[in-house]
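Work through the exercises below with the sequence and the coordinates at hand, and try each task before reading its solution.

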Amino acid sequence: MDFDLSKPQKLLKESAREFLARECKPERVRALMETETAHDDGLWQAIADQGWLALLVPEEHGGLGLGLVEMAAVAEEMGRACLPGPFLSTLFATALIERAGSAEQRAKYLEPIAAGELRATVALLEEGASWDTESAKLKAQREGGSFRVTGRKLFVNDAETSNLLICVALDGDGLALLPVERGAGGVSIKPMASMDGTRKVYEVSFEGVSVPEADALGADGDARGALNGALEVATTALCAEMVGGMQWVLDTAVEYAKTRQQFGRAIGSFQAVQHQCADMLMMTESARSAAYYAAWTLTENDPAASVAVSIAKAYCSDAYREVGNRGVQVHGGIGFTWEHDLQLYYKRSKSSETLFGDATFHRERIACLVVDKEKN
Amino acid sequence: MDLNLTPNEQQFRDEFRAWLKANVPSEWKGGQLGSEDREDYIKYLRDWQRVLYEGGWAGISWPKAFGGRGATLMEQAIFQEELARANAPQLIGTIGLSLVGPTIIALGTDEQKARYLPKILSGEEIWCQGFSEPNAGSDLAALGTKAVRDGDDFIINGQKIWTSFAQLADWCLLLVRTDAEAPKHKGITCLLLDMRLEGIAVRPLRQMSGDSGFNEVFFSNVRVPVGQVLGEINKGWTTAITALMNERANLGTGVQVVFKRNLEALIARSRTVERQGRPASEDPLVRQKLAQAFLELEILRLNTNRALTSLSKTGIPGPEGSTLKLYWSEMNQRTQQTAQEILGPYGQLKEFDNGLWEYAYLRSRGNTIEAGTSEIQRNIIAERVLGLPKSY
Ligand SMILES: Cc1cc2nc3c(=O)[nH]c(=O)nc-3n(C[C@H](O)[C@H](O)[C@H](O)COP(=O)(O)OP(=O)(O)OC[C@H]3O[C@@H](n4cnc5c(N)ncnc54)[C@H](O)[C@@H]3O)c2cc1C
């Protein structure tokens, strides 16, 4: 057993850190945050050149075919840099297409995704704002060889910059996963202005949008299983990203505590401040253990994977918010300003908390798997 | 990163699993936690330890020469997981196994190793830790129990307090002051003390939980040969730190076994006690709390395995052990609070489940005090891990 990154994994992580320190400085995060989409073509292409969009894509489709641990290592650095834009939404879609798509569909979508030419997002949430796939109620009507959809999806990440929206709709008792081009007739996209400007969400309306039955993903398989699996992948990457964010907040708070002087000495010599920092470390490290464990179990198809993913997301959701809060507190007044970068991370902690299900949602999932399980 | 077991680790696991299957006493019900000082319970654990020892499964990480297996740290983790999985009784003499033994291995002479280690493993000799004093708790280096040199002996006078297992112990890892003039960290010596020596009086203290886990120990002109020094004279602080680091690093793996069994019992109980006419396990709030307890315990296991990975690369337990200690002690208090909420007034009964919940709840109060308080652990993390300036 070796619960540490391997040498190549460490190198990958270091190179991600260097790349982001160069290409995604706080000034750029702030600039992108002020734009309508938080997306930048140049940055996206640079990310594609790093191979990150290809990381999980199988080699036969032009990808690197690496595992979730490698993804987590890179995502952690993205979180440390508070990388704005549609990486995570495209990753979610990538994992979904990989699981639900036919060979032909995979070739059609995954290759351009890996190359940075296609961005995709999954439209799942509705009024209830629940990440439970059972909550998707939007109906897909079969009509002369096509699915027809009329209705609204909410909180769709990065819809405006995605070329492809995968709409999750109900087809009888099952799910229809419908790839819709952003510009297709009947699709309209409206921003939902939200707290975290680095990760935009949208309301997407479908007005009699038609998708040929043959285009639906997962039509002849287990669409719901594929969606749940893809959610687990995206959730795990998000958890690793949250760990990176926590690490940034911790490092920044500790650095500040060493230099800021009050009462003639560094505030880091006061135990009230020290203990906040000690707790931040404990939470950050615990979150890291949980996130990488989830990544590893998913990669290995370990039977514990579903529980592990929910453990990671439940813990990270609470921990990032808490670490963010303590980071603000240690900084005093400056920590509450727009000027200090802490605000970026604090808001990111909040949007990450609810994305793919908050702690309450994931604890209930754990309860279903652990409490309800009949003892053998 | 590879959390799969290596072929060697797998073989180790399979072997131990098979051994446990054949050897865990069938009458052991697992939930029988009860208080620490019950004689039948202590005897039970002693016998169990003997069985483990004879099977070659005690102190597995210790060198083969001293009765261990030379097992890797990872095998140690596997060992604990398998104990938990088999619902086996825990090991007794944890102070000997997790604190005294490793310290003797690190700093003892060959004779000391040969004399003491095998009997710690077999459970034949139980150890206690004589560190804290009435006026030296968190500030351990302020200890005042005096040892004055007289020829080839030290003569000891003074008092220890909170000494767990002193009432049963055969031996004590004792810290004494041998140089009153030197700065406080530089005049301390560590002794391997025979608890049967003349002049030692043990007075049990009753704990909040009603049992007598810890004691006062009084020394009046106790004569100890100088050969009993562990480490060097006046360098006892180094010995103490080695012991404390081992204690913090090791306890985290040991307590998991107890916690896991406890949580499983709680989950099973939640199906039989009621909330609003339904099993508590169906109540949304109870489910949230059980899931939280479950995930926190899983994360304890993961944190421990990560710490072991890093320890197997660096060799010596460092201040990071404080994070583990802080985590598990506070975790257990939250979990016991959850248990009380689920069980309501039943949780306070001395007869319900053998008094398990009443005892575990109260006992958990001590978790954030023993082996260094949470405040002290946070100080250590802040100053020695994060590098913040000293607060005192
Ligand atoms: C169940 C149990 C078993 C034990 N077993 C043993 C044993 O076998 N052998 C042994 O030697 N000892 C044992 N102890 C003693 C234990 O190690 C001490 O109780 C502990 O170190 C605290 O010391 P104290 O009780 O003197 O409290 P104090 O040190 O007086 O602490 C009182 C309060 O002040 C705080 N405080 C003190 N100093 C600081 C500081 N610098 N910064 C911030 N806060 C501070 C503490 O955190 C605590 O909240 C045991 C204790 C318990 C509860």
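Buried area is the accessible area, taken with a 1.4 Å probe, that two parts lose on being put together, summed over both. The model is predicted, and the predictor gives the complex an ipTM of 0.96 and a pTM of 0.95.

**Exercise 1. Describe how domain 1 of chain A meets domain 2 of chain A, from the division of the chain to the area buried.**

Step 1. Begin with the division: the assignment splits chain A into domain 1 (7-114), domain 2 (120-215) and domain 3 (223-375). The contact between the first two of these takes 21 residues from domain 1 of chain A and 19 residues from domain 2 of chain A, while their centres, taken over C-alpha atoms, are separated by 22 Å.

Step 2. Turn to the area: about 1600 Å² is buried between domain 1 of chain A and domain 2 of chain A, and carbon and sulfur atoms give 65% of this.

Step 3. Locate the elements on the domain 1 side, where α2 (26-33), α5 (87-100) and α6 (103-115) of chain A each give two or more residues. Of the elements on that side, α5(A) gives the most, with eight residues, and by class the side is made of 13 nonpolar, seven polar and one charged residues.

Step 4. Finish with the pairings: the rule finds zero salt bridges across this interface of domain 1 and domain 2 of chain A, although seven residue pairs, both members at pLDDT 80 or more, are in polar contact there.

**Exercise 2. Find a salt bridge within chain A that joins K153(A) to another residue, and place both partners in the secondary structure.**

Step 1. Side chains of opposite charge can pair when their charged atoms come close. The cut-off to apply is 4 Å from a side-chain nitrogen of Lys or Arg to a carboxyl oxygen of Asp or Glu.

Step 2. K153(A) and E126(A) satisfy this with their side chains, at 2.7 Å from N to O.

Step 3. K153(A) lies in strand β3 (residues 146-157) of chain A, whereas E126(A) is in the loop between β1 (120-123) and β2 (140-143), so that, being 27 residues apart, the pair links distant parts of the chain. Over all chains, the count by this rule comes to 64 salt bridges.

**Exercise 3. Characterise the interface of chain B and chain A by its contacts, its area and its charged pairs.**

Step 1. Count the residues in contact: 46 residues of chain B touch 51 residues of chain A. The area buried between the two chains is about 4400 Å², with 63% of it given by carbon and sulfur atoms.

Step 2. Examine the pairings, for which the rule finds six salt bridges across the interface of chain B and chain A; one of them joins the side chains of D4(A) and K313(B) at 3.3 Å, N to O. Between the chains there are also 27 residue pairs in polar contact, both members at pLDDT 80 or more.

Step 3. Assign the chain B side to its elements: α6 (236-270), α7 (284-314), α8 (321-343) and α10 (374-385) of chain B each give two or more residues to it. The most come from α7(B), with 16 residues, and the residues of this side divide into 20 nonpolar, 13 polar and 13 charged.

Step 4. Check the confidence of the partner chain, since the mean pLDDT of chain B is 91 and 96% of its residues reach 70 or more.

Note on methods. Residues are numbered from 1 along each chain as its sequence is written. Chains are lettered from A and ligands numbered from 1 in the order in which they are written. Side-chain values use heavy atoms; hydrogens and water are left out. Domain bounds come from an automatic or database domain assignment. Contact means heavy atoms within 4.5 Å. A polar contact is a pair of N or O atoms within 3.5 Å; within protein, one must be able to donate a hydrogen and the other to accept it, and residues adjacent in sequence count only if both atoms are side-chain atoms. Helices (H or I, at least four residues) and strands (E, at least two) are DSSP runs, numbered from the N terminus. Ala, Val, Leu, Ile, Met, Phe, Trp, Tyr, Cys and Pro count as nonpolar, Asp, Glu, Lys and Arg as charged, and the others, Gly among them, as polar. pLDDT is the predictor's confidence in each residue, from 0 to 100.
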